Amino acid sequence: MQEILAGKNVLVRTITHYYTGRLVYVSDGWLQLDNAAWIADTGRFSTALATGKLEEVEPYPGTCFVAAGAIVDVAEWPHELPRTQK
């Protein structure tokens, strides 16, 4: 995953939450995301992936680490990363 997506914006779906961010590093069961946000509500999932429109966003003030064991899937996010709370 790191070789394919390193340095790219991603949307990470875990068993309970969604996160966006720039994938910086994958190691020891963790993904490191910079410019990260917790996405409380994506709205329609395929619409969010296609358009970048998200319903609820809570930006992290710094780096976020996501446990790899909780990940369902990771999608490239070809949109600007959400950095404004809504």
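Select His79 first: setting aside neighbours within four places in sequence, His79 is in contact with Asn9, Ala48, Leu49, Ala50, Thr51 and Gly52. The model on screen is a predicted one. His79 belongs to the segment after β6. Is His79 buried or exposed? The relative accessibility of His79 is 17%, so it counts as buried; the cut-off for that class is under 20%. Now show the side chain of His79 together with the backbone of Gly52. A polar atom of the His79 side chain lies 3.4 Å from the backbone nitrogen of Gly52.

**The whole chain**

Zoom out and colour by secondary structure. The protein chain has 2 helices and 6 strands. In sequence order the pattern reads α-β-β-β-α-β-β-β. Along the principal axes, the C-alpha atoms fill a box of roughly 30 × 25 × 25 Å. How does the radius of gyration of the protein chain compare with that of a compact globule? For 86 residues a compact globule would have a value near 12 Å, and the protein chain has 12 Å, which agrees.

Switch on the surface. About 5000 Å² is exposed by the protein chain, and carbon and sulfur atoms supply 50% of that area. Of the 86 residues, 31% count as buried. Among contacts with a separation of 6 or more, 56% are between residues 24 or more positions apart.

**Strand β1 and its two partners**

Select residues 9–14, which are strand β1, and then residues 18–27, which are strand β2. The two strands run antiparallel and are joined by 5 bridges. They form a hairpin, with 3 residues between them. To see one opposed pair, pick Arg13, which stands opposite Tyr18 in β2.

Keep β1 selected and add residues 71–76, strand β6. Here too the pairing is antiparallel, over 5 bridges. Which residue of β6 is the bridge partner of Val12? It is Val74.

**The largest nonpolar core**

Hide the ribbon and show side chains for Leu5, Val10, Val12, Tyr19, Leu23, Leu31, Leu33, Ala36, Cys64 and Val66. These 10 residues make up the largest nonpolar core. Two or more residues come from each of β1, β2, β3 and β5 (64–67). The element that gives the most is β3, with 3 residues. Nonpolar side chains tend to be buried together in soluble globular proteins.

Centre on Leu5, a member of this core. Not counting residues up to four places away in sequence, Leu5 touches Val10, Leu23, Val74 and Glu76. Another core lies apart from the largest one; it has 8 residues, including Ala48, Leu54, Val57 and Trp77.

**Along strand β3**

Strand β3 covers residues 30–41, and Ile39 has its place there. Select Ile39. With 1% relative accessibility, Ile39 counts as buried. Beyond residues up to four places away in sequence, Ile39 touches Tyr18, Tyr19, Thr20, Leu54, Glu56, Val57 and Pro82. Draw a C-alpha to C-alpha distance from Ile39 to Glu55: the two are 8.1 Å apart in space and 16 residues apart in sequence.

Step back along the strand to Asp34, which is also found in β3. Is Asp34 buried or exposed? Its relative accessible area is 17%, so Asp34 is buried. Not counting residues up to four places away in sequence, Asp34 touches Gly21, Arg22, Val24, Thr63 and Leu81.

**Two positive phi angles**

Most residues other than glycine have a negative phi. Select Asn35, found in strand β3. The phi of Asn35 is near 50°, a positive value in a residue other than glycine. Asn35 is partly exposed, with a relative accessible area of 40%.

Finish at Asp28, in the loop between β2 and β3. What is the phi of Asp28? It is near 45°, again positive in a residue other than glycine. Asp28 has a relative accessible area of 74% and is therefore exposed, the cut-off for that class being over 50%.

Terms used: Residues numbered from 1 in each chain as written. Predicted model: local features only at pLDDT ≥ 70, side-chain atom pairs only at ≥ 80, totals over all residues. Heavy atoms only, no water. Pairing = 2+ DSSP bridges. Helix = DSSP H or I, 4+ residues; strand = E, 2+ residues; numbered from the N terminus. Buried < 20%, exposed > 50% of the residue type's maximum accessible area, 1.4 Å probe, protein only. Contact = heavy atoms within 4.5 Å. Core = buried A, V, L, I, M, F, W, Y, C linked by side-chain atoms within 4.5 Å. Polar contact = N/O pair within 3.5 Å; in protein donor to acceptor, adjacent residues only side chain to side chain. Rg over C-alpha atoms; globule rule 2.2 N^0.38 Å. Areas by Shrake-Rupley, 256 points an atom, 1.4 Å probe, with all protein chains shown as cover.
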